Amino acid sequence: MTNAIEIQKLRKILHSFQLKDVSFTLPKGTIMGFVGENGAGKTTTIKCILDLLKKDNGKIKLFGKEMHEDELSIKSDIGVVFDDLHFPQNLTAKKISKFMAKVFSNWDDSYYFHLLTKLKVQENKRINELSRGMKMKLSIAIALSHHPKLLILDEPTSGLDPIVRDEILDIFLDFMQEEEHSILFSSHITSDLEKIADYITFIHEGKILFCESKDTLLYDYAIWRGTVEESKDLPSESILAMRENSFGLEILVKRNEVSKAFHLYKPTIEEIMLIYVRGVHDFAGFVDERLSNAQ
Amino acid sequence: MTLRALLMKDFLMLSKQIKMMLILFAFFMIISLLTDMTIVLIIFALIFASLQLTTAFAFDEMSKWDKYANTLPIDRKTIVQSKYVLGLILVVGGILIFTPFVYFSNEFHSQVSLLELFKGFVLVLSIALIYISVTIPFFIKFGTQKGRIIIFAIVFIPVFGSGFIQYFLQTIDVNQLMSFIDYLPVGAFIFLLLSYFVSVKWYEQKEF
């Protein structure tokens, strides 16, 4: 089985930021949530995938091929949604369909207008008169109307209300009814990803921290909460990350490596993300320091 | 096909401006007829055509269209070509609209010979081609904000330059200088080709 996206050791150096050996794989037929805080490197990675930014190093394959091998055919199988609608502001949804039908040989006008009706986007309104939610829905309708095999979405739901977000997620789930279809979905709204993603890839300061199936994250990972003293009893090899807050410690552990005697909580993706990003990384040193301070 | 798509997008985007321009032209036509200054119309047409080209770049830039366009199955070369073709259509279109008008007006007043009139057209067209050739690469490389400064330079250098030319005219035969003008269209065409290759190179290196 070929993968929809395959990235190996992608490196890109920008002025004040760099991607450091980013690698991950999006198998066909799955949805990958691409998470990370603002500025973590999500957009830079996506731009490299789309060749909007030239990579400095590494390999990016889409449908098993590198972009330079067959750029136009790869791009005709992709639908892209950015966090804003990048069409000239005085155009309308109707006018957009006129020329997009000439860009894609398989542009489906009836599906496009069906989506617009379904999403209640007015086809004769100029883009600059549409609300943010409407713009994003239009952007999604445009991205879907040539029946792409892969959707690349860069923060499509940020800044939208929960109702619009839910509508949009439904559209993506519809899209996934086809076995061959895949989605790369970057977002920092982790609850959206919890609803639809199969895999979660987590990027932090230009580096991939983990790339796991969502079920592994939610069922094989667990959070233990307690004091520094109590944490000494946790087996050190089970600890993945740790964070201190006003109530004590929050430790992300591998569930099956911790005895059932410990009370463990099921984590959310947001909690996992926070513990990784805001937590301490040298656990043993941290615990020792805290204990010696206490004495 | 994709070239047509891009041109269609630009014309849909500019349709309102072009309509306004045509109304303005109708108004100028009447005035110029009364005052017998039809050749001025051609110059107007060219200024407006070049303004539309700048507007097209500005609209694209404001909406970050190029970032999106480069995710579509469109060759980068085609995107560059579309802007040159747009410029040519606007300029040639502008001239064609007025050609019959200028011709009849001239017949009526019979000021200049047909050959002189034709030479005038070719000269104006050459200047327009040079204008397109200079602006497009700079818009691509630097965007319309910095590009505008270059337009000012294009307008003002000849103005200051004319004083310089006048100084030279005292030493150079005027007829000799005029004979160069006959080669201007060829020069403009070569310049346009060069400009296109530079634009493609700059656009292919661009990151979005």
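Two strands count as paired if DSSP finds at least two bridges between them, and I kept that cut-off in hand while reading the strands of this predicted model.

**Entry 1: the pair β3 and β8 of chain A**

I looked up strand β3 (residues 31–35) of chain A and found that 5 bridges join it to strand β8 (residues 182–187) of chain A, the two running parallel. As one example of the register, I noted that I31(A) has I183(A) as its bridge partner in β8(A).

**Entry 2: the sheet around that pair**

I then followed the sheet outwards and read 6 strands in the order β6-β7-β8-β3-β9-β10 of chain A, an open sheet with mixed pairing. At its edges I found β6 (78–81) and β10 of chain A, each of which pairs on one side only. From one strand to the next, the twist averages 15°. Looking for what packs on this sheet, I came to helix α1 (residues 42–49) of chain A, which touches β3, β7 (150–154), β8 and β9 of chain A and whose direction makes about 145° with that of β7(A). I also noted that α10(A) lies across β3, β9 and β10 of chain A, where it runs at about 25° to β9(A).

**Entry 3: the second sheet of chain A**

Next I looked up the sheet that β11(A) belongs to, and found 4 strands in the order β12-β13-β11-β14 of chain A, again described as open, with antiparallel pairing. Here β12 (239–245) and β14 (264–265) of chain A stand at the edges with a single partner strand each, so one side of each has no neighbour in the sheet. Between strand β11 (residues 221–226) of chain A and β14(A) I found 2 bridges, with the strands running antiparallel. One residue pair I wrote down is I223(A), whose bridge partner in β14(A) is Y265(A). Helix α10 (residues 269–278) of chain A, already entered for the 6-stranded sheet, lies across β11, β12 and β13 (248–254) of chain A as well, running at about 80° to β12(A).

**Entry 4: the domains of chain A**

I checked how chain A is divided and found domain 1 at 3–213 and domain 2 at 217–294. The C-alpha centres of domain 1 and domain 2 of chain A lie 34 Å apart, and the contact takes 10 residues from domain 1 and 7 residues from domain 2. Which elements give two or more residues to the side of domain 1 of chain A that touches domain 2 of chain A? I found α7 (190–196), β9 (199–204) and β10 (207–213) of chain A. By class, the residues on that side of domain 1 divide into 5 nonpolar, 2 polar and 3 charged.

**Entry 5: helices α5 and α6 of chain A**

I looked up the axes of helix α5 (residues 132–144) of chain A and helix α6 (residues 162–175) of chain A, which come within 11 Å and cross at roughly 5°. Angles under 35 degrees count as roughly parallel, and α5(A) and α6(A) are therefore roughly parallel to each other. On the α5(A) side, the contact is made by G133(A), M136(A), K137(A), I140(A) and L144(A), and on the α6(A) side by V164(A), I168(A), I171(A) and F175(A). I sorted the residues of this contact of α5(A) with α6(A) into 7 nonpolar, 1 polar and 1 charged.

**Entry 6: chain A as a whole**

For the whole of chain A I counted 11 helices and 14 strands, and its C-alpha atoms fill a box of roughly 75 × 40 × 35 Å along the principal axes. Of its 295 residues, 39% count as buried. Among contacts in chain A between residues at least 6 apart in sequence, 70% join residues at least 24 apart.

**Entry 7: chain B and its contact with chain A**

Turning to chain B, I found 7 helices and 0 strands, with buried residues making up 28% of its 208 residues. In chain B, residues 24 or more positions apart account for 87% of the contacts with a separation of 6 or more.

How many residues does each chain give to the contact? I read 25 residues from chain B and 21 residues from chain A. On the side of chain B that touches chain A, at least two residues each come from α1 (2–35), α2 (38–63) and α3 (65–69) of chain B, and the largest share, 8 residues, comes from α1(B). By class, I entered that side of chain B as 13 nonpolar, 4 polar and 8 charged residues.

Notes. Residues are numbered from 1 along each chain as its sequence is written. Chains are lettered from A and ligands numbered from 1 in the order in which they are written. This is a predicted model: local features need pLDDT of at least 70, side-chain atom pairs count only at pLDDT 80 or more; totals for chains, interfaces and linings use all residues. Axes are lines fitted to C-alpha atoms, for helices over the stretch in contact, and angles run from 0 to 180 degrees between N-to-C directions. Angles under 35 degrees count as roughly parallel, over 145 as roughly antiparallel, 65 to 115 as roughly perpendicular and the rest as oblique. Two residues are in contact if their C-beta atoms, placed from the backbone, lie within 7 Å. Ala, Val, Leu, Ile, Met, Phe, Trp, Tyr, Cys and Pro count as nonpolar, Asp, Glu, Lys and Arg as charged, and the others, Gly among them, as polar. Domain bounds come from an automatic or database domain assignment. A residue is buried if 20 or more other C-beta atoms lie within 10 Å of its own, exposed if 12 or fewer, and partly exposed in between; C-beta atoms are placed from the backbone.
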